[in-house]
Amino acid sequence: MPTFVLRRLGMLPIVLFGVVLISFLIVHLTPGDPARLMAGENATEAAVAAVRQRLGLDDPLWTQFWRYLGDVVTGNLGGSLMTSQPVSSEIAQALPQTAKLVGLALLVSTIGGVVFGALAAVRAGGVFDKAVMVAALGGMSVPGFVIGLVFVVVFAVKLGWFPAFGSGAGFFQGGWRNVVLPAVALGIGPMGSVARMTRSTVLEVLPEDYVRTARARGLREFAVVTKHVGKNAAIPILTLIGLDIGYYLGGSVAIEVAFGWPGMGRLAVQAILNKDFPTVQGTVMVFALGYVVINLVVDLMYAWLDPRVRLS
């Protein structure tokens, strides 16, 4: 296992270099002039040129890239062109909000998907099984932001159960009510895929000899499913959850904009609209780093779930 961890950690700088390069090229090759945006619509060409020179935007593209890469290596993500604040400080404020949203959405989708998928497998062919599969397919087919807008109309505007926008106060001071709708809207789609995967893997494990032996010993069905079936069916489910992390991070962008959630996704959208190069590159790099680290954790959990898995 240590060899596997070191190999994956050794790949991390290569992945981040590719992310920095691609995001840098995409941002700098898109139409628009951030210098003119900063100088103002009525600024003279001389004023725009002065801003461009101050930001180093008149240097060759490769010079700008290597300068930015050197700053990233030293931990300097530059300053925001929108607020003139360090990008690292803005990310430090937005990252916990996105982590809270994604973490709760992951919890909702995993628990809901595993419970409903396992119950559907145990009752395969019945009404409950068919209802769960239809609901799962519907959740996977509808985009998260559409579900979020429906939630806002129904549960915020009509019923008034939850706030429609913002993150509210502290989580334990009533702020938990603000995160319910966006977290559930973000987790509905993955919940459907987890439920379908759980159902199929549990159905594959149920006919195994050790399951029949456990039942013959007189164990209750709940103990058989949770102890004997669950652990052996967990690896495909865990793989799917790891792959869905990209969906959570990407889907959080639309969800945060729809709910006015002050997270990384909303920060990235605002930076893109304002041609704020440093902030866009910083948010993209943090998203990529989070995806790589979470998938590394998922890979390491394989060995904990199944000792037969060799990670060397």
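Helix H4 supplies the largest share of the lining of the second largest pocket, namely four residues. Here a pocket is an open set of points on a 1 Å grid over the protein atoms alone, reached by a 1.4 Å probe, with protein on both sides within 12 Å along at least five of seven lines. A cavity, by contrast, is a set of points where the probe fits but cannot get out. Lining residues have an atom within 4 Å of a point. The model is predicted, so local features need pLDDT of at least 70 and side-chain atom pairs count only at pLDDT 80 or more, while totals for chains, interfaces and linings use all residues. Residues are numbered from 1 along each chain as its sequence is written, and side-chain values use heavy atoms, with hydrogens and water left out.

The second largest pocket has a volume of about 390 Å³. This volume is the space filled by probe spheres set on the grid points, which are joined across faces, edges and corners. The lining of the pocket holds 17 residues. Leu55, Tyr68, Gly78, Gly79 and Pro278 lie nearest the centre. At least two lining residues each come from helix H1 (2-29), helix H3 (45-55), helix H4 (61-73) and helix H13 (277-305). By class, the lining has nine nonpolar, five polar and three charged residues. Ala, Val, Leu, Ile, Met, Phe, Trp, Tyr, Cys and Pro count as nonpolar; Asp, Glu, Lys and Arg count as charged; the others, Gly among them, count as polar.

The protein chain has 13 helices and zero strands. Both are DSSP runs numbered from the N terminus: helices are H or I with at least four residues, and strands are E with at least two. Of the 312 residues of the chain, 40% count as buried. Buried means under 20% relative accessible area, exposed means over 50%, and partly exposed lies in between (1.4 Å probe, protein chains only).

Several contacts link parts of the chain that are far apart in sequence. Leu21 lies in helix H1 and is partly exposed, at 29% relative accessibility. Its C-alpha atom is 9.4 Å from that of Gln281, which is 260 residues away along the chain. Val115 belongs to helix H5 (residues 87-122). Val115 counts as partly exposed because its relative accessibility is 42%. The C-alpha atoms of Val115 and Val194 are separated by 9.6 Å, with their positions 79 residues apart along the chain.

Helix H8 spans residues 176-205 and contains Ala195. Ala195 is buried, as its relative accessible area is 4%. From C-alpha to C-alpha, Ala195 and Ala135 are 9.8 Å apart in space, and they are 60 residues apart in sequence. Side chains of opposite charge can pair when their charged atoms come close. The count here comes to one salt bridge, defined as a side-chain nitrogen of Lys or Arg within 4 Å of a carboxyl oxygen of Asp or Glu. Asp129 forms a salt bridge with Arg199, and the closest N and O atoms are 2.6 Å apart. The pair links distant parts of the chain, with Asp129 in helix H6 (residues 127-141) and Arg199 in helix H8, 70 residues apart. Asp129 counts as buried because its relative accessibility is 3%.

Helix H7 offers both buried and partly exposed positions. Gly148 is found in helix H7 and is buried, at 0% relative accessibility. Gly148 and Ala185 are 5.1 Å apart in space, C-alpha to C-alpha, and 37 residues apart in sequence. Val154 also lies in helix H7 (residues 144-158), but Val154 is partly exposed, with a relative accessible area of 33%. Val154 is one of the residues of a nonpolar patch on the surface. The others are Val142, Phe145, Val146, Leu149, Val150, Val153, Leu159 and Trp161. Together the patch has about 740 Å² of accessible area. Accessible areas come from the Shrake-Rupley method with a 1.4 Å probe, and for residues only the protein chains shown count as cover. Patches are made of residues with over 30% relative accessible area and no salt bridge; like charges are joined within 9 Å, and nonpolar side chains (Val, Leu, Ile, Met, Phe, Trp, Tyr) within 5 Å.
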